[in-house]
Amino acid sequence: MTVEAHANSLKITRSDGLEVDLAPLQGLWTEQQYLRLTEQTNHLIEFTDGAIEVLPMPTSRHQTILLLLYERFKTAVQPTGGKVLVAPLRLRLRPGKFREPDILLLRSAGDPRYQDAFWLGADLVIEVVSPDRPERDTEEKVRDYAEAGIPEYWIVNPLDETVTVLTLEDQAYALHGIFHRGQRAISKLLDGFGIEVDEIFDAQ
């Protein structure tokens, strides 16, 4: 089965070649149906209160940045038993809402939020901004991850080559810093951890 987004419609092509338009089902999906769907495709699909959204296939630059960040964060938390994983991996923010962050981090692999099918929370998430709809990462997910109580959110934006680090204060995100080329992006959550912005956007 493959899933594709065509203009404003959402279509599935079954193994027998039959194409089914899922747009009329928007708003009616159950959590179990969403989970079953994501187990049958390699597309990133997010879910909010009965509606699904198929995310764009990542570019080479997106993946290069993502893997560099994964390696740096993994090196930082692995000695103390932390866990870092990359998409596709579902993150349940609350009943009826799932996101698939580019990177998810827990400071302890023994954290009960660490589950096999999907995580029930995270200490830090990272999104590499997609050019198709930047506001998904820069606005919508800011609200979503704050609502879920995730302590730190990194927005890595190749469009303007900035790294924005947000930290949770009183159930909303506060700006820890917007870091540009020539600067070092610093985590508040992970004491002493940082990464040069130039290194992120020069990754090859």
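Buried here means under 20% relative accessible area. By that criterion, in this predicted model, Glu152, Trp154 and Val156 point one way from strand 11 while Tyr153, Ile155 and Asn157 point the other way, and all are buried. With 6 of the 6 residues of strand 11 (residues 152–157) buried, the strand is therefore largely enclosed by the rest of the structure.

**Partners of strand 11**

- Strand 10 (residues 124–128) pairs with strand 11 in the parallel sense over 5 bridges, and within this pairing Val128 has Val156 as its bridge partner.
- A right-handed β-α-β unit is made by strand 10, helix 3 and strand 11.
- Strand 12 (residues 162–169) pairs with strand 11 in the antiparallel sense over 6 bridges, with Thr164 of strand 12 standing opposite Ile155.
- Strand 11 and strand 12 form a hairpin with 4 residues between them, and Glu161 in the turn has a positive phi of about 55 degrees.

**The open sheet of 4 strands**

- This sheet has the strand order 5-4-8-7, with antiparallel pairing.
- Strand 5 (51–54) and strand 7 (91–94) stand at the edges with a single partner strand each, so one side of each is left without a neighbour in the sheet.
- From one strand to the next, the twist averages 30 degrees.
- Strand 7 and strand 8 (residues 97–99) pair in the antiparallel sense over 3 bridges, and Phe98 in strand 8 is the bridge partner of Arg92.

**Helices on that sheet**

- Helix 1 (residues 31–38) lies across strand 4 (45–48), strand 5, strand 7 and strand 8, running at about 175 degrees to strand 4.
- Helix 3 (residues 135–147) packs on the sheet and touches strand 4, strand 5, strand 7 and strand 8, its direction making about 125 degrees with that of strand 8.

Terms used. Residues are numbered from 1 along each chain as its sequence is written. This is a predicted model: local features need pLDDT of at least 70, side-chain atom pairs count only at pLDDT 80 or more; totals for chains, interfaces and linings use all residues. Side-chain values use heavy atoms; hydrogens and water are left out. Two strands pair if DSSP finds at least two bridges between them. Helices (H or I, at least four residues) and strands (E, at least two) are DSSP runs, numbered from the N terminus. Axes are lines fitted to C-alpha atoms, for helices over the stretch in contact, and angles run from 0 to 180 degrees between N-to-C directions. Contact means heavy atoms within 4.5 Å. Buried means under 20% relative accessible area, exposed over 50%, partly exposed in between (1.4 Å probe, protein chains only). A crossover is right-handed if, with the strands pointing away from the viewer, the path from the first strand over the helix to the second runs clockwise.
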